[in-house]
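Morning, everyone. Please bring up the model on your screens, and I will walk you through it.

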Amino acid sequence: MHSLRTPLSESVIWQWQKAGYQNLGTKAWTEGGVPFYLTNHPKIAQKYAQIALMYLLENKNILNSSEPLIFLELGSGLGKLSFYLLQEISKWVTQGLLKDFSIKYIISDISEKNCQFWQNHKAFKPFIDQGILDFALFDPTQDDILLTLNNEQILLKNNPLIVFANYYFDSIPQDIYLVKDHRVYQGELDVEADTASENPLLEKELPYQLIFDQMICPPFEIERLMELIPNSSYITYPTAGFQTLENLKKICNSNILMLTGDKAQFNHKQMDWKKQPPITFHTTVSFTVNFELLKMRCLDQHGFVCLPQHFDELFSIALLQWGPSFSVASASKTYEDFDHWSLQNHNSMLDFLEKKEQPTLGELNLLLKFDSFDPFNFFFYNEKIKQALKHASFREKEDLIFAIQTAKKLFFATKKEEAILLVNMASLLLTLNQQLDAFVLLKEAAELNSEF
Ligand SMILES: C[S@@+](CC[C@H](N)C(=O)[O-])C[C@H]1O[C@@H](n2cnc3c(N)ncnc32)[C@H](O)[C@@H]1O
């Protein structure tokens with residue numbers, strides 16, 4: 001075992017992190033236990049898509065129709081959020097909402113294995129056929145050229161680049177500072193690891209401590225932020241996040257609308273700045289992102305920022321915009337409307353409904369609707385739905401059929417074991433005398449997992 005001590009952003013843990021994501025591919029989520037359920041929820045895609053649409057419609061008259069509208073997702077992982085966003089965006093195409101423009105959604109990541117997974121995924125085929133989907137092997141911390149797997153270089157002169165980034169900034173090198181009595185201390189990470197191991201992150205939870213040394217010349221943003229927060233606060237600093245922003249700006253002439261969701265620090269009365277944010281090691285590294293510093297950087301560059309009014313420990317969404325000629329009024333209004341919804345509220349509501357021992361089908365239908373018809377509910381609540389069906393009214397049964405049909409469209413397989421969701425939905429449809437639809441689902445389940 002060796003003790004390795006460096007400023008946090010220079011720590012070897014970030015190299016292990018990158019290599020881990022590259023080597024594991026989608027197994028990071030399907031076997032490695034990296035969470036993805038919340039950040040890839042259909043509700044979040046609906047929120048992002050609606051904000052982006054409002055932004056584009058409001059600025060339609062100054063967009064250049066000879067340039068495409070590019071949606072770029074950073075660190076897409078499994079691509080499940082991309083699938084939901086693509087469904088929303090392709091609805092706009094069908095509805096003719098942005099009919100003068102060619103639209104392209106780019107799913108990106110640093111892992112070739114992820115790219116292969118997306119390219120072979122059945123759910124993406126219709127979007128590839130429509131010509132609205134492309135993929136990129138792209139490390140935004142290093143690359144300032146965006147080349148898709150179709151060998152197309154993306155370079156925008158006029159139109160804004162629409163960027164989505166969920167739990168991306170938490171995964172790239174960051175620093176941490178302690179501000180105390182008008183002094184700034186930089187955090188050095190001392191991590192104990194077996195240096196002979198190829199990737200110590202994968203083996204076990206690594207013991208670590210942060211040691212704080214006084215700095216003579218701290219970053220100016222830290223000095224500015226310390227005036228706004230309590231004494232003895234810990235401030236995380238998005239070192240590679242700032243580099244990402246600079247790289248993205250080169251791709252699109254500095255016109256960006258970014259929606260990013262993360263575990264974040266920002267000025268909110270419920271934020272406890274005095275508590276040292278933990279570095280979580282779950283196969284990979286995750287560390288709290290400072291939205292106040294992203295905001296400061298954006299405002300310094302004459303940008304525009306919306307941060308949440310509600311505090312959510314796990315997932316907060318920020319809207320950042322660069323590009324003085326573009327108006328952001330409708331987008332920020334839509335952001336505010338959605339801000340009343342937070343994952344924590346959402347989960348509390350589901351808990352409330354879930355606690356009933358045997359809800360009626362009407363109540364379960366409400367839960368499915370409230371959860372944007374996420375197909376996973378046909379795993380979580382299958383038994384309860386089956387029981388409730390025995391005493392359900394005609395109307396409740398019709399609503400359940402609608403819920404299954406909607407959930408089916410949102411099904412995105414990340415591993416073959418998820419075929420059980422299709423089987424459960426099919427068995428409910430059989431009870432509801434919907435043999436034909438049930439058969440289609442069973443066929444799909446068998447294609448995904450031959451054991452069914
Ligand atoms: C925590 S995961 C989030 C995945 C997905 N957005 C989600 O919410 O489920 C972080 C993602 O960022 C990607 N990533 C992109 N650039 C990276 C970099 N320079 N270092 C580490 N990870 C990077 C990883 O491969 C991984 O897919």
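Which strand pairs with β11, and in which sense, parallel or antiparallel? Look at β8, residues 175–180: β8 and β11 pair in the antiparallel sense, over 5 bridges. For one register point, take L178, whose bridge partner in β11 is Y234. Before I go on, a reminder that this is a predicted model.

Stay with β11. Of its 5 residues, 5 are buried, so the strand is largely enclosed by the rest of the structure. Both directions are covered. S233, I235 and Y237 point one way, Y234 and T236 point the other way, and all are buried. That is the textbook pattern: in a regular strand the side chains alternate between the two faces of the sheet.

Now step back to S232. This serine sits in the loop between α8 (220–226) and β11 (233–237). Its phi is near 65°, a positive value in a residue other than glycine. Most residues other than glycine have a negative phi. Is S232 buried or exposed? S232 is exposed: 11 other C-beta atoms lie within 10 Å, and the cut-off for exposed is 12 or fewer.

Next, β12, residues 256–262. How many of its residues are buried? The count is 7 of the 7, so β12 is largely enclosed by the rest of the structure. Take the two faces in turn. On one side are I256, M258, T260 and D262, buried. On the other side are L257, L259 and G261, also buried.

What pairs with β12? Two strands to show you. The first on my list is β7, residues 161–166, which pairs with β12 in the parallel sense over 6 bridges. There, A165 stands opposite T260. Then comes β18, residues 316–322, which pairs with β12 in the antiparallel sense over 7 bridges. Here G261 is opposite I317 of β18.

On to β3, residues 103–109. Of its 7 residues, 5 are buried, so β3 too is largely enclosed by the rest of the structure. Strand β2, residues 69–74, runs parallel to β3, and 5 bridges join them. I70 has K104 of β3 as its bridge partner.

Now the ligand. Which residues come nearest? The shell holds 20 residues, and Y21, T39, G75, G77 and N166 come nearest. Which helix gives the largest share of that shell? Helix α1, residues 13–24, does, with 3 residues. By class, the shell splits into 7 nonpolar, 10 polar and 3 charged residues.

Let's zoom out to the domains. The chain is divided into domain 1, covering 17–172 + 240–340, and domain 2, covering 356–448. Their C-alpha centres are 30 Å apart. How many residues make the contact? On the domain 1 side 12 residues are in contact with 6 residues of domain 2. Three helices each give at least two residues to that side of domain 1: α2 (27–30), α3 (42–58) and α4 (80–95). That side of domain 1 divides into 6 nonpolar, 4 polar and 2 charged residues.

Next, helix α13, residues 361–370. Which of its residues are buried? They are L361, L364, N365, L367 and L368. They cover an arc of only 155° around the axis, which puts them on the same side of α13. The general rule helps here: an α-helix has 3.6 residues a turn, so residues three or four places apart point the same way.

Just after α13 comes S372, with a positive phi of about 50°. S372 is not a glycine either. This serine lies in the loop between α13 and α14 (377–380). With 18 other C-beta atoms within 10 Å, S372 is partly exposed.

One last stop: P126. This proline is in helix α6, residues 125–130. P126 is partly exposed, with 13 other C-beta atoms within 10 Å. How far apart are P126 and C306? In sequence they are 180 residues apart, and in space 34 Å, C-alpha to C-alpha.

That's the tour. Thanks, and over to you.

Terms used: Residues numbered from 1 in each chain as written. Predicted model: local features only at pLDDT ≥ 70, side-chain atom pairs only at ≥ 80, totals over all residues. Domains from an automatic or database assignment. Contact = placed C-beta atoms within 7 Å. Helix = DSSP H or I, 4+ residues; strand = E, 2+ residues; numbered from the N terminus. Nonpolar A, V, L, I, M, F, W, Y, C, P; charged D, E, K, R; others polar. Buried ≥ 20, exposed ≤ 12 C-beta atoms within 10 Å, placed from the backbone. Arc of directions from axis to C-beta. Pairing = 2+ DSSP bridges. Near = placed C-beta within 6 Å.
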